[in-house]
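Got your viewer open? Let's walk through this model together, one selection at a time.

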Amino acid sequence: MNALAARSLNIVGAGLAGALLALLAARRGLSVTLYERRADPRQVQPERGRSINLALAARGMRALERAGVMERVQPLLIPMRGRMVHERSGQAQLQPYGQREHEVIWSVGRADLNRVLIEEAARHARVAVRFNQLCLGADVASGRLRLRDEAGGGEYQVELAPTIATDGAGSLVRASLAAAGLVAVREEWLDHDYKELTVPAARGAALERNALHIWPRGGFMLIALPNTDGSFTATLFLARSGSPSFATLGSAAAVSEFFAREFADAMPLLPQLAQQFASHPQGQLGTVHCTPWHLGGRVLLLGDAAHAIVPFHGQGMNAAFEDCAVLDGLLGQHADWESLFAQFEQLRRENTAAIAQMALENYGEMRDAVLDARFLRRKAIAMALERRFPDRFIPRYAMVMFHPEIPYAEALRRGAVQAQLLEELDDGDDREPDAARAAELIRERLPPLG
Ligand SMILES: Cc1cc2nc3c(=O)[nH]c(=O)nc-3n(C[C@H](O)[C@H](O)[C@H](O)COP(=O)(O)OP(=O)(O)OC[C@H]3O[C@@H](n4cnc5c(N)ncnc54)[C@H](O)[C@@H]3O)c2cc1C
């Protein structure tokens with residue numbers, strides 16, 4: 001139960017984090033009004049634009065379990081056991097993500113997952129979901145939240161405190177606080193964009209279903225994740241300008257020529273490629289840095305609204321769900337929103353900064369290093385060390401994806417120590433490193449995990 005004096009809460013944005021948070025808060029006895037700018041996804045087709053499917057991992061699943069929705073989410077999930085790396089030659093090889101049966105990540109459709117979370121939240125008597133309501137911003141001075149009814153027309157205001165803004169990477173609540181000089185925001189855009197393309201089920205049959213496919217090409221890459229209907233969603237990540245870049249792919253001929261040259265074995269999977277390319281949106285990617293995340297007990301930014309990251313570790317949604325789980329835990333411990341929001345920010349800031357950094361680093365790994373002999377050798381050494389010293393050495397990727405009990409910041413710190421260790425232990429051939437030396441270094445530098 002919660003000990004808060006104020007027992008009602010506004011949540012802005014019924015996306016992945018907002019819908020889950022509404023459910024968790026209602027289970028704690030709070031009355032929640034959830035404002036969402038889109039129409040009810042139970043009645044209309046989801047809008048295009050954001051990624052169609054996502055990788056869900058242990059952190060996100062832990063939060064979904066906490067909310068009691070895993071049973072409904074499970075049928076939406078497809079296990080991905082590793083990266084299927086497609087070389088230019090057309091050869092493909094599976095690089096397993098982990099070395100235990102349960103060490104897999106899960107492909108899930110964004111729209112399906114969001115719809116289940118909204119349904120579960122809306123079923124709760126204490127949750128009122130108001131669709132077609134665009135939040136225009138928070139006015140902290142007057143203590144009002146400004147909204148516009150997109151269906152009926154007309155602007156109105158409601159009492160601000162307390163509001164949690166989960167209105168995503170382009171948060172208007174964050175923008176309104178920044179415009180009033182109350183928060184400092186830095187949006188760090190990547191000079192690479194993305195575009196999604198569909199591999200229909202009939203063609204997807206040619207691809208291994210239980211893998212995340214990557215066509216790494218050094219400066220850019222194509223990836224594909226499976227969907228439950230047998231189709232795959234492919235995503236091209238490529239520089240916005242320069243050569244090659246999205247800017248050089250302005251004609252059907254240029255697109256076909258580029259794919260035939262770079263992704264010859266993927267071409268047959270993508271029917272009407274040039275048409276798809278021309279009609280699907282080109283999305284931007286970036287990291288959002290914002291300080292502070294809360295203003296007293298009146299408003300708090302959470303999920304992408306507070307800390308959007310690039311998608312290369314598959315952790316943005318997982319981090320947003322972890323935010324929800326942490327906030328839920330605090331609901332039971334605080335008597336006022338100000339101390340709760342403050343502690344939330346204190347607990348999460350270092351961790352979300354760490355995953356932001358690791359997500360950026362992972363782009364290089366995915367588009368380039370996975371083909372590199374040194375990378376593969378060190379990965380093999382790291383797995384061998386994990387088998388021998390499971391309480392001290394866990395590869396960084398595994399800490400992030402499979403070990404929610406290890407905070408992101410700790411994964412980053414231990415990962416740096418481990419990278420140095422691998423540097424010292426890797427003598428350039430495929431033999432296992434000297435066992436006694438490895439044991440000594442690990443005991444010296446890596447304290448046992450809690
Ligand atoms: C290409 C790509 C691939 C990705 N892949 C992964 C992945 O594999 N794994 C992973 O964990 N993460 C991934 N992510 C990140 C993930 O999509 C986000 O981190 C996640 O959606 C954040 O959830 P959120 O609820 O904070 O924001 P969102 O899911 O964006 O939800 C925001 C909600 O607020 C609503 N809204 C927005 N503005 C307003 C307003 N003014 N008023 C009212 N409502 C509003 C929106 O309609 C939406 O419903 C990916 C992102 C991209 C772009």
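Before you click anything, keep in mind that this is a predicted model.

**Stop 1: helices 14 and 15**

Select helix 14 and helix 15 and look along them: the two are roughly antiparallel, because the angle between them is about 160° and anything over 145 counts that way. Helix 14 covers residues 408-425, helix 15 covers residues 435-445, and their axes are 11 Å apart. Where they cross, the crossing is right-handed.

Now show the side chains where they touch. On the helix 14 side, pick V417, Q420, L421, E424 and L425. On the helix 15 side, pick R437, A438, L441, I442 and R445. Colour them by class and you should get six nonpolar, one polar and three charged residues.

**Stop 2: helix 12 against helix 14**

Keep helix 14 on screen and add helix 12, residues 373-388. How far apart are the axes of these two helices, and at what angle do they pack? The axes are 10 Å apart and the angle is about 110°, so helix 12 ends up roughly perpendicular to helix 14.

To see the meeting point, select R378, I381, A382 and L385 in helix 12, then L422, E423 and L425 in helix 14. You may recognise L425, since it also takes part in the contact with helix 15. By class, the contact of helix 12 with helix 14 has five nonpolar and two charged residues, with no polar ones.

**Stop 3: helices 2 and 10**

Next, select residues 58-66 for helix 2 and residues 316-331 for helix 10. Their axes are 8 Å apart, and they pack at an angle of about 40°. That angle makes helix 2 oblique to helix 10. The crossing here is left-handed.

Which residues make the contact? From helix 2, show R59, G60, A63, L64 and R66. From helix 10, add N318, F321, E322, A325, D328 and G329. Sorted by class, this contact has four nonpolar, three polar and four charged residues.

**Stop 4: around the ligand**

Now select the ligand and everything surrounding it. How many residues are there? You'll find 31, and the closest are E36, R38, A55, R110 and D304.

Then try some distances to backbone atoms:

- G15: a polar backbone atom is 3.3 Å from an oxygen atom of the ligand.
- C135: a backbone N or O atom lies 2.9 Å from a nitrogen atom of the ligand.
- G314: a backbone N or O atom lies 3.2 Å from an oxygen atom of the ligand.

**Stop 5: some unusual backbone spots**

Zoom in on the loop between strand 11 (155-159) and strand 12 (163-165), where P162 lies. The peptide bond joining A161 and P162 is cis, with omega about -10°.

Jump next to P292, in the loop between strand 19 (286-291) and strand 20 (294-295). Is the peptide bond from T291 to P292 cis or trans? This bond is cis, with omega near -15°.

Last selection: N132, in the loop between strand 8 (127-130) and strand 9 (133-139). Check its phi, which is positive at about 60°, even though N132 is not a glycine.

Technical notes
Residues numbered from 1 in each chain as written. Predicted model: local features only at pLDDT ≥ 70, side-chain atom pairs only at ≥ 80, totals over all residues. Heavy atoms only, no water. Axes fitted to C-alpha atoms, helices over the stretch in contact; angles between N-to-C directions. Helix = DSSP H or I, 4+ residues; strand = E, 2+ residues; numbered from the N terminus. Left-handed = near helix turned anticlockwise from the far one by under 90°. Contact = heavy atoms within 4.5 Å. Nonpolar A, V, L, I, M, F, W, Y, C, P; charged D, E, K, R; others polar. Near = heavy atom within 4 Å. Polar contact = N/O pair within 3.5 Å; in protein donor to acceptor, adjacent residues only side chain to side chain. Parallel < 35°, antiparallel > 145°, perpendicular 65-115°, else oblique.
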